[in-house]
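Reader: Could you take a close look at one part of this model for me? I'd like to hear about a single chain first, and then how it sits with its partners.

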Amino acid sequence: MARVVVDVMLKPEILDPQGQAVQRALPRLGFDGISDVRQGKRFELEVDGPVDEAALARVRELAESFLANTVIEDFAVKVEEVTEAAE
Amino acid sequence: MTARIGVVTFPGSLDDRDTRRAIRLAGAEPVALWHKDRDLHQVDAVVLPGGFSYGDYLRAGAISRFSPVMESVIEQAKAGLPVLGICNGFQVLTEAHLLPGAMLGNDHLHFICRDQKLRVENTDTAWTGDYTAGQEIHIPLKNMDGRYVADAHTLEKLEAEGRVVFRYLGLNPNGSLNDIAGITNEAGNVVGLMPHPEHAVESLIGTGRTDGLPFFTSILKKLVNA
Amino acid sequence: MSRTPLDTVEHAAGTPDVELPWAELGLKKDEYERVVEILGRRPTGAELAMYSVMWSEHCSYKSSKVHLRQFGEKAPQSDALLVGIGENAGVVDVGQGYAVTFKVESHNHPSYVEPYQGAATGVGGIVRDIIAMGARPVAVVDPLRFGAADHPDTKRVLPGVVAGIGGYGNCLGLPNIGGEVVFDACYQGNPLVNAGAIGVMRHEDIHLAKASGAGNKVILYGARTGGDGIGGASILASETFDDAKPSKRPAVQVGDPFQEKLLIECTLEAFAEKLVVGIQDLGAAGLSCATSELASNGSGGMRVTLDDVPLRDSTLSPEEILMSESQERMCAVVEPEKVDRFLEICAKWDVIATVIGEVTDGDRLEIFWHGGKIVDVDPRTVAHDGPVYERPYARPDWQDALQADDANKLPRPETAEELREQVLKLVGSPNQASKKWITSQYDHFVQGNTVLAQPEDSGMIRVDEESGLGVAIATDGNGRFAKLDPYTGAQLALAEAYRNVATTGAKPLAVSDCLNFGSPEDPAVMWQFAEAVRGLADGCLQLGTPVTGGNVSLYNQTGEAAIHPTPVVAVLGVIDDVARRTPVAFQEDGHLLYLLGDTREEFGGSAWSQVVHDHLGGLPPKVDLERERLLGEILISASRDGMIDSAHDLSDGGLVQAVVESALLGGKGARLVVPDGLDAFTFLLSESAGRALVAVPRSEELRFNDMCGARGLPATRVGVVDGDAVEVQGEFTLPLAELREAHENTIPALLA
């Protein structure tokens, strides 16, 4: 079994009030030097079978049509080694 | 002679019963439609009501858009079936790409419930014939994700083609671009808006105004006269 | 992880010397010994889990029970009461075949630890109580109390609580129509998050929590069971905590309003098809509570196979499954031939439903795990025979000094200018200021039946579209008054809620309460509690409004410092036709303002004494419940017969606060004249009870005066609706714009 991770982020030009709220809180908490925060979503998909090009293509398709709204969001797909022992 | 207007219930729809009531008060026949049922039961128009379909998890409207009933709604809307999306229904319509743009969280990050002043910008749609152009109305607004966004090109096109149907007046309650409260598609049969006309149909209830009733009388007249 | 061997009943009987962690689970030594005595052996781990949560303060009311009995003993004769104390919620007949159920509960401690989820699951819990009676929930109300408005922790807790209430209630499609927001330093670290809900049903649809009929199936439906809030009931709610340690966070449950919305719809559909014999929601103490309550209230016993409970976390032990407080779950008892249809309805709504057991003809609650019997108890001993404490109580030695510190002797404004400044300060103070920033985060409109919502005196919901039948609800509580005199304070809370319902034109019918107090182990607190309960029970008897149910929240204290005793009272009323309701807002220029009732020099516990002098002392205003009843009757008659077109109850902040609110809501000013026999200060700021301000159209003045005169209610003409300022003749003028700025900017400035 392999894990495919889909990261969904608001497009850079779209206002992200949640990210801004986090950023505004940072100096108050003593974390300086962070000029911008943007909040996104991370999806972890446990894929049965091998993660080959065909499987990745399917994941990209579902990310584009469902997980992300490409009117406002970008997405990135990556394969992650599942290391149970380390967790 | 009356018209049959369907109201879809998704899991998490909240204003479906209220919308059916508004349709009834306008003199049309409300028909309950179920999200798992592709069959639209020969309705003459469809309303996608407000609520938090599927908990608004993922994105507001994103999961509903893939329900069986929406396959038929999308197909028939493209063929001219009048469709009105209210609040969550508007979100579903943008997710389904029946209307351009998208809806994001309010810029102030809070749910907001208020009696919202609007200007009617377009009375040529299937749902706004009973208003007069430029009319100022008050309709309750209540949402978490009401910030309308679209790219510059889309906005320009919407404005140039007069497809902004309603604009917020007095106060932009959520950071929507160009104060947009509602829009229509090119054909004018599909309309989406954030405020809730079904909550402004009785003088005793809610804010006590009936500024929302013309939505439902507009469509009824159009269907009956068609 | 599996423990060997499984601690079955048989194993427990054979290993009497095994030490169980009863103290860690919150049981006292004598309580544990009582369990052993009941069972005739040591309990199994699973049995101990059940007894410990069910015998916690939160579930068993062990400290409060001896006092709460008065609500039954002193209950007034009332034809309206269909279901009284003891069920999930009381049920009241409102006529035309309709019944209304309502209840207020606390979610105080969880909301301090995790404001958003604590408040959200508070709403979820009270709503499930309503569904469990067979009713469709139609509205929620939220009486809230926080620490000082400008305290940093209030800025953490309040926005989270408000967002949680909104996030959950809005998503359920329930209009939020009332409640209160009060700030006082005494609630610092102990915010009070009370949540109330109302449901409507037909008489024949009333359902009760009982398992009857051997062979009937027990169905668990809703969310899967996870490790949420394990021991939450006993640990979080029963023992005070000095600071919120991060380690306690997992003890708070996370709510899923979407799941709850599906639960509402599928439960109501099952009710409509008459598929349900008995039903119980899963709240505090989860399955332990649901199974023992259902079994003990029915005629038979119950057998449950715990292996069949759908789990979110497969590593949970049977004890944990029994104690889990995972939200959005319910338990129904269904006749075997109706099980398929019940499961079908659940499937339609995508709700997981599983048969986990059945009703037996014995009288034991037996629970199995991996084939072994891990619970074998008389369910009554778990659910109803918990410990009962006669906690010592004593009037605190500081009470006399507090009452002697007379607020009527505080320095009063000496000039008209000073009076004007104090009035402006008062209406802009956090407690008196507009709460719109908060209430605009709640949906008032959903369901399309909201006739009145906050800031009206009571929330009002239309029940029947044809006839216009409606119900009204108001919640009130004044911890400052109750601190000065708990007996009177509780009656003042009752009187105010009663008055608020009547002001809108509805007839008060019944009461629910949420009694928020400090530690019962402190005799002073226990005295406050005993006095408040006595006051409330006496008051309800006199007003003819029975207490239908409620909730007690104790241990609201940090260290030695307890909160003000805070009995919150909800009064439910009925109105034959909501078209006759009376709003707060001034409607038309020229209408005459009448002050109903008597105004005395009463400033003890008043808003003025708090805002201007930061003072709490003296005696609270006197209560005259016969006067309250008469005032209520007049307000209801005047509404029904169209003699008044706005009305506002007078409470904290006195007359001037009421005038300012009515003026700002209506966008119309008022000219006031100080009546003979009163000075301007007392006229404007006294908080004498039993009063209301009404606006009477000139055409109705004669008729209205005749009615008040004939019934013996003092009615004094004090001014007229007019202009765009509040003007007190010979004293000062406050333009509406200036008042609006003071009244509406305070809360956003503090919290936004």
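Author: Here is a walk through chain B, followed by its neighbours and a few backbone details.

A word on the ground rules: this is a predicted model, in which local features need pLDDT of at least 70 and side-chain atom pairs count only at pLDDT 80 or more, while totals for chains, interfaces and linings use all residues. Residues are numbered from 1 along each chain as its sequence is written, and chains are lettered from A and ligands numbered from 1 in the order in which they are written.

Chain B has five helices and eleven strands (DSSP runs numbered from the N terminus, with H or I of at least four residues for a helix and E of at least two for a strand). Its radius of gyration is 16 Å, close to the 17 Å that the globule rule gives for 226 residues, so chain B is as compact as a globular protein of that length. That radius is taken over C-alpha atoms, and the rule is 2.2 Å times the number of residues to the power 0.38. Along the principal axes, the C-alpha atoms of chain B fill a box of roughly 40 × 35 × 35 Å.

Inside, 62% of the 226 residues of chain B count as buried. Buried here is 20 or more other C-beta atoms within 10 Å of the residue's own, exposed is 12 or fewer, and partly exposed is in between, with C-beta atoms placed from the backbone. As for contacts (C-beta atoms, placed from the backbone, within 7 Å), 75% of those in chain B with a separation of 6 or more come from residues 24 or more positions apart.

Now the partners. Two pairs of chains touch, and the pair B and C has the most contacts. Chains A and C share no contact, and their closest C-alpha atoms are 12 Å apart. Where chain B meets chain A, eleven residues come from chain B and eight from chain A. On the chain B side, those are five nonpolar, three polar and three charged residues (Ala, Val, Leu, Ile, Met, Phe, Trp, Tyr, Cys and Pro are nonpolar, Asp, Glu, Lys and Arg charged, and the others, Gly among them, polar).

Over in chain C, two tyrosines are worth a glance. C:Y61 has a positive phi of about 55° and lies in the loop between helix 4 (57–60) and helix 5 (65–73); C:Y61 is partly exposed, with 18 other C-beta atoms within 10 Å. C:Y555 has phi near 65°, and counts as buried with 25 C-beta neighbours inside 10 Å.
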